[in-house]
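Thanks, everyone, for making the time this morning. I would like to walk you through one model, beginning with its backbone and then turning to its charged side chains.

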Amino acid sequence: MKFWVKSSLMVLLWSAVGMLGAFSMQRQDTLTFAVVTDTHIGKSGNNSGLATIVKDINQRSEVKFVLHAGDVSDFGYDDQLKEAKRLMDGLSMPYYIVPGNHDTGWSASGGLIYDQLWKEQKFVADVNGVRFIGFSTGPYGRMSRGYVPLDQMRWLDSLVKITPKQQPVVFLSHYPLDAGLSNYNELIDKLHQVNTLAVFCGHGHVNKLFNYDGIPGIMTRTAQVRSSTLAYNVVHLTADSIFVKMVEVGKPDGQFWASLPRSVKKTRTNATANISDRTPIAPEQKQVQVVWEHQDKGNIVSTPAVWKGQILFGNLLGEFKSINPKKNERNWSFKTGQSIYASPEVVGNRVLFASADSAIYCLNAKNGKLLWRVTTGAPILASPVVESGRVFIGGSDGIFRAIDLKTGEQLWAFTEMEGFPASRATVAEGKVVFGTWGKTLYAINANNGSLAWKWRNNEYSHYYSPAMCVPVIQNGHVYMVAPDEKLREFDLMTGEHTFVTDRYRVRESLGGNNAEDLLVAKTMQDSVVAWSTKGAKPEVLFNIAAGFGNDFSASMPVFDGTTAFFGTTFGRVYAVDLVQKKIKWAYQLSYDMVNTIRPLGKGRVLATSVDGKSAILRSASSEE
């Protein structure tokens with residue numbers, strides 16, 4: 001097998017014992033390796049392009065191994081990742097690889113297929129005395145910022161502790177270590193605890209240098225065709241320098257575009273996260289109290305449920321938990337086989353959720369005992385919705401199911417989906433409405449699963465699909481927003497496209513207050529906009545600045561009376577007074593994306609962020 005990786009921590013511990021206190025970097029021959037990135041297998045022409053690059057690298061005898069910095073595939077589909085693996089296995093030398101955002105958070109399997117093909121999303125290998133460490137930078141929430149998962153951060157901590165202080169270290173990530181990666185400062189701290197020579201990355205599709213407080217960051221150009229050429233980088237690591245040269249396949253080798261000394265003194269400034277494009281929270285908006293807070297060991301990319309005051313949620317470690325907020329202790333825990341992306345739904349004493357282990361679960365909310373499980377043909381990233389004793393949920397196996405809440409028996413299956421759903425459906429007036437990453441919005445009949453209508457957005461690529469937004473149904477109409485930044489209205493019964501506006505940059509965060517016939521959206525550009533749906537077409541009621549800057553995560557506005565709540569990409573929770581048309585309060589929960597909020601009543605909300613934080617917040621003016 002061409003792919004070789006030494007990732008056993010036990011092996012590293014034993015080898016480190018022999019080197020500690022005695023390790024010294026001896027002068028050695030130049031170590032030469034290639035860096036390939038952003039191959040995006042699945043796009044037209046990229047398969048043959050990678051095959052050509054692999055052939056070219058194989059002809060360079062000086063190259064000892066290859067680093068692939070991620071975005072192996074274009075959309076994380078099984079066939080794309082498998083083809084990428086086949087092509088990379090054509091290398092006549094070892095290669096080390098990390099996933100990119102298109103391989104994990106953008107995939108139909110939530111990264112499961114990548115794990116099956118390459119075993120892990122991280123690696124460590126010692127080559128000629130140099131330690132190479134690669135880690136995943138996510139994201140695992142679509143359109144959230146990148147981040148290194150908590151379990152991988154703990155793994156990196158263990159490596160830092162056992163790596164001899166003088167041993168040269170080279171890191172590999174997909175994202176550069178800047179504000180596009182929410183925990184980049186924590187990572188840079190780790191770089192400065194070892195003898196880091198450089199950090200190689202992809203994602204930006206160009207050759208570029210970064211400076212991480214004296215440690216060079218080196219971005220490699222995409223392997224896709226640019227200016228009629230295919231390209232990758234060749235790196236020469238000598239005893240005192242790092243030389244980087246771009247190889248354009250079929251052209252004579254050019255000069256080194258980067259020549260960096262290895263002996264530059266590194267200093268750490270301990271800079272805080274860059275949030276300069278967000279307006280500071282005004283004093284009058286800080287009227288909020290933290291009732292309860294919790295830090296989980298796993299990342300959370302979903303909205304918790306509440307059962308009799310107990311908080312129920314899943315994490316990316318595959319754990320589903322019940323937490324007692326009064327005692328701040330765990331009631332029970334249930335382990336699934338893979339990460340949990342789905343938000344749970346509670347009905348009576350039952351809690352329902354799905355996992356990337358290709359199963360839908362129903363547990364007893366009191367004790368966590370399994371009541372039933374439905375096994376599907378592929379991972380499930382979407383969340384369930386329950387209506388009239390039926391559970392509605394779509395999976396990445398291309399099937400949308402209706403399941404009996406009591407027995408787990410499948411009532412019907414809709415098998416005509418294109419793409420996969422990643423959010424939750426909305427059920428009203430006998431229709432189940434949801435979107436997929438196949439550019440399509442579906443309405444199916446709730447009684448038998450037959451197709452009522454569908455709308456396909458042929459104006460854009462699948463990146464602009466209506467998959468993340470939860471549709472809103474009001475007054476016989478369906479309202480939907482997607483990455484094309486337009487609000488659209490459809491007739492619920494016929495599917496007629498009755499209204500569209502691009503006046504505001506509304507991406508995927510749309511909520512509906514049906515009692516007030518009101519739509520509320522978080523826009524891309526620092527504002528909150530509201531429409532009334534009482535008339536013949538949506539009428540704008542207000543558009544107010546909020547101070548959260550450029551925001552692009554899918555956190556749906558939710559409601560408690562005349563207050564709307566939502567989360568942002570950069571970790572804030574906002575409460576909006578819909579009557580006075582102003583920000584009621586704002587709270588900085590984290591610097592990671594905040595998921596859709598759970599209103600608890602009496603001015604209280606439950607919020608979670610991607611870095612595993614949970615908090616119950618309350619308006620300072622609300623009563624107990």
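What follows is a short tour of some backbone features and salt bridges.

Please keep in mind throughout that this is a predicted model. Let me start with the backbone, where as a general matter most residues other than glycine have a negative phi, and most peptide bonds are trans. Against that background, the bond that joins G138 and P139 is a cis peptide bond, with omega at about 0 degrees, and P139 itself is placed in the loop between strand 5 (130-134) and helix 5 (150-162).

There are also residues with a positive phi to point out. N475, which is not a glycine, has a positive phi of about 50 degrees, and you will find N475 in the loop between strand 30 (472-474) and strand 31 (477-481). Its relative accessibility is 45%, so N475 counts as partly exposed. K602, again a residue other than glycine, has a positive phi near 55 degrees, and K602 sits in the loop between strand 42 (598-601) and strand 43 (604-608). Here the relative accessible area is 64%, and K602 is therefore exposed.

Now to the charged side chains, for which the count comes to 23 salt bridges. One of these is formed by K190 and D157, whose closest N and O atoms are 2.3 Å apart. That pair links distant parts of the chain, given that K190 belongs to helix 6 (residues 184-191) and D157 to helix 5, with the two positions 33 residues apart in numbering. Which of these partners is buried? K190 is, because its relative accessible area is 7% and the cut-off for buried is under 20%, whereas D157, at 31% relative accessibility, counts as partly exposed.

A further salt bridge brings together the side chains of R505 and E485, at 2.8 Å from N to O. This pair, too, links distant parts of the chain, with R505 in the loop between strand 33 (497-501) and strand 34 (506-513), and E485 in the loop between strand 31 and strand 32 (487-491), 20 residues apart. R505 is partly exposed at a relative accessible area of 35%, while E485, at 17%, is buried.

K613 and D611 form another salt bridge, with 2.7 Å between the closest N and O atoms; K613 is partly exposed, at 27%, and D611 is buried, at 10%.

Finally, I would draw your attention to D56, R60, E62, K245 and D253, which are linked in a network of salt bridges.

Methods:
Residues numbered from 1 in each chain as written. Predicted model: local features only at pLDDT ≥ 70, side-chain atom pairs only at ≥ 80, totals over all residues. Heavy atoms only, no water. Helix = DSSP H or I, 4+ residues; strand = E, 2+ residues; numbered from the N terminus. Buried < 20%, exposed > 50% of the residue type's maximum accessible area, 1.4 Å probe, protein only. Salt bridge = Lys/Arg side-chain N within 4 Å of Asp/Glu carboxyl O.
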